Amino acid sequence: MEPIQKLCESLGAEECAVICSNVSRRFLSGVPSSAGTLLLTCESGTLYLDSRYYEMACIKKERGLLPALLAVEPAVFSEAFAALCQSGKYKRAYLEDQRMTYAEWHAFEKKYPTLELCPLENRVDALRLVKSADEIRRIRAAQALAEEALTATLPKIEAGRTELFVAAELEHYMKLHGAEDASFGTICVGGKKSSLPHGRPEDIVLEKNSFLTIDFGCKLEGYCSDMTRTFCIGRADEEMRRVYDTVLTAQRAGLAAARAGVKGCEVDHAARRVIEQAGYGEYFGHSTGHGIGLEVHEAPSFSPRYEGIIPAGAVLSVEPGIYLPGRFGVRIEDLVVITEDGGENLNRFPKDLMEL
Ligand SMILES: [Mn+2]
């Protein structure tokens, strides 16, 4: 059953849900837009769009690409909804409390005083947890394209190039080959800067015998990829190797622990234990992984605090790292599709230390 149908069927006869966030609206309707409102009732869905998106949505509808129960309207939502409310059709409206501001909630309350407003909580996000075969296909394709970009860029990475050059090459390749965009601002940090887990690429020249960490991804058909590799430009010394091998062992331990039915924190512990035992525990400050899909970070999570059960069909990253301030850092990240007996790694790109 389509997610939109599940949500509609969970509503009572006098209830509606008003979906205003771009990401929820896109997930439920299949129409990407930066504005619009999706109104759901127990039996139907109506997507209100302005002229910037209306024709595109109609074309998708004609091609059978939208959910069967979804109607597309060129009307202004607030006017149409005010009329529906006056007719007494709805007593209760669910709003996306987790994806709107306090001011927006109160403006809605003021505009439609006859309605009882209720928080939708995470009911849309919960439907996004387990990916459909088609969503997994898109993430897999996005990841494959990112890996292709990295393979094409690798020969151009050498001492004397800048962080910005490498980041731009990757993004250029991905866009030239069909990516809608990068999933997020490409992280490309060399030398001492590789200790900054989310450092930004700058006009800084890469130096010989130093690490370069690249964390990047692209969006294809709305879905994100995300991967990280740390390379050595020139030769790695003994400590650089020890840190690299520790992160790689931790990453493999995390991947091995990832399967349907485990708690998210158990996967984090599996990876973190390796880093702690090697004496680098205090230098691994973030979570082991995060869910990915329409958003680059979404539920569920391989965080030390995530007690939730990881279901089959979820897609998450496994990305432990060690960051020695002012010196260097290493992170290795793959994406994994959770299955009953383990996980399918979506990455093919090698992980053993590469000296470029
Ligand atoms: Mn990530």
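Biologist: Why is N209 called partly exposed in this model?

Modeller: The model is a predicted one, in which local features need pLDDT of at least 70, side-chain atom pairs count only at pLDDT 80 or more, and totals for chains, interfaces and linings use all residues. N209 has a relative accessibility of 41%, and because buried means under 20%, exposed over 50% and partly exposed in between (1.4 Å probe, protein chains only), N209 counts as partly exposed. Residues are numbered from 1 along each chain as its sequence is written, and side-chain values use heavy atoms, with hydrogens and water left out.

Biologist: What makes the phi of N209 worth a remark?

Modeller: Most residues other than glycine have a negative phi, whereas N209, which is not a glycine, has a positive phi of about 60 degrees. N209 sits in the loop between β8 (187-190) and β9 (210-216), where strands are DSSP runs of E with at least two residues, helices are runs of H or I with at least four, and both are numbered from the N terminus.

Biologist: And why does E221 count as partly exposed?

Modeller: The relative accessibility of E221 is 36%, so E221 falls in that partly exposed class. E221 also has a positive phi, near 45 degrees, in a residue other than glycine, and is found in the loop between β10 (218-220) and β11.

Biologist: What makes D226, H290, E319 and E333 the donors of the manganese ion?

Modeller: Donors are N, O and S atoms within 2.8 Å of the metal (3.2 Å for Na, K and Ca), and the site may look incomplete because water is not among the atoms. D226 (OD), H290 (NE2), E319 (OE) and E333 (OE) coordinate the manganese ion at 2.0 to 2.3 Å, so these atoms satisfy the cut-off. D226 lies in the loop between β11 (223-224) and β12 (227-233) and H290 in strand β13 (residues 289-291), so the pair ties together parts that are 64 residues apart in sequence.

Biologist: How do you know that D226 and H290 are buried?

Modeller: The relative accessible area is 2% for D226 and 11% for H290, so each value meets the criterion for buried.

Biologist: What makes the peptide bond between A299 and P300 a cis one?

Modeller: Omega of the bond joining A299 and P300 is about 0 degrees, and P300 lies in strand β14 (residues 298-302). Most peptide bonds are trans.
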